[in-house]
Amino acid sequence: MTDPNPDFRRLQLNAILSEYNALYKLAEYRLNALDRRIPAISGLLAAFMGSVPVLPEESQLLALIAVPVSLIWLVRTTTNHARSFEDALRAIEWHEHQMNALLGRDVIGFQSRHPSKGRSVGGRTGTESVYAVSTAACLILALSAYIAYSHIGIVGYPLLAYALFFLLVFGLVVRTIQVWRIYRFPADTHKTER
């Protein structure tokens, strides 16, 4: 399967190692996004929701619509980062197998032998981040419904319309989590023609 020529094998190994390093940088970017950026955005949205009652009346309704819609974006970007992190981890694992095959022995294998491999999409960090952001999104959504009813005083048909809007946003958040949970890295992604 591989050329016995040591120079060719070295070139192959260098190419695989270069891509391996680039994949680790991508995984690091996704990990940083999951660890830092996304929880910060959740906190910012929660703080903004707390200030809605003191906004001018016309801005209150706009905020009660804009923040829940932004929660859909927040949960979707979090799950996308977790899926992309999973993709990078599986590609790194494949590269480890390729390097070991070229060298004829197991010399590298952190991702191949990682204890959380295959247990959840995006590993432990991805799972914790997705669940934390989902929980924050549900709490912010509940806060928006509470503010709409008790502080702003939406009643009658506008309250019914807001309740339907609330259920739509909640349903989209739940659906995004369900899609994330069943995601699997395509097994044949790295198969090559021989």
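This report describes the fold, the overall dimensions and the salt bridges of a predicted model.

## Fold

The secondary structure of the chain consists of 4 helices and 0 strands. Written in sequence order, the pattern is α-α-α-α. Two of these helices matter for the salt bridges below: helix α1, which covers residues 6-50, and helix α2, which covers residues 57-103.

Contacts can also be sorted by how far apart the two residues are in the sequence. Of the contacts between residues at least 6 apart, 77% join residues at least 24 apart.

## Dimensions and surface

The chain has a radius of gyration of 23 Å, whereas a compact globule of 194 residues would have one near 16 Å. Along the principal axes, the C-alpha atoms fill a box of roughly 80 × 25 × 25 Å.

Of the 194 residues in the chain, 37% are buried. The chain exposes about 11,700 Å², and carbon and sulfur atoms supply 62% of that area. The chain carries 19 positive and 15 negative charges, and the mean positions of these two sets are 5 Å apart.

## A salt bridge in helix α1

Side chains of opposite charge can pair when their charged atoms come close. In the whole structure, a search finds 3 salt bridges.

One of them joins Arg10 and Asp7, whose closest N and O atoms are 3.0 Å apart. How are these two residues placed in helix α1? Arg10 and Asp7 are 3 residues apart in this helix, so about one helical turn separates them. Arg10 has a relative accessible area of 48%, which means that this residue is partly exposed. Asp7 is likewise partly exposed, with a relative accessible area of 48%.

## A network in helix α2

Arg90 takes part in a salt bridge with Glu86, with a distance of 2.8 Å from N to O. Arg90 also forms a salt bridge with Glu93, again at 2.8 Å from N to O. Glu86, Arg90 and Glu93 are thus linked in a network of salt bridges.

The spacing along the helix can be given for each pair. Glu86 and Arg90 both lie in helix α2, 4 residues apart, which is about one turn of the helix. Glu93 and Arg90 are 3 residues apart in helix α2, so they too are separated by about one helical turn.

Are the residues of this network buried or exposed? Glu86 and Arg90 are buried, and Glu93 is buried as well. In the salt bridge of helix α1, by contrast, Arg10 is partly exposed and Asp7 is partly exposed.

Terms used:
Residues are numbered from 1 along each chain as its sequence is written. This is a predicted model: local features need pLDDT of at least 70, side-chain atom pairs count only at pLDDT 80 or more; totals for chains, interfaces and linings use all residues. Side-chain values use heavy atoms; hydrogens and water are left out. A salt bridge is a side-chain nitrogen of Lys or Arg within 4 Å of a carboxyl oxygen of Asp or Glu. Buried means under 20% relative accessible area, exposed over 50%, partly exposed in between (1.4 Å probe, protein chains only). The radius of gyration is taken over C-alpha atoms; the globule rule is 2.2 Å times the number of residues to the power 0.38. Contact means heavy atoms within 4.5 Å. Accessible areas come from the Shrake-Rupley method with a 1.4 Å probe; for residues, only the protein chains shown count as cover. Lys and Arg count as positive and Asp and Glu as negative; His and the chain ends are not counted. The place of a charge is taken as NZ of Lys, CZ of Arg, CG of Asp or CD of Glu.
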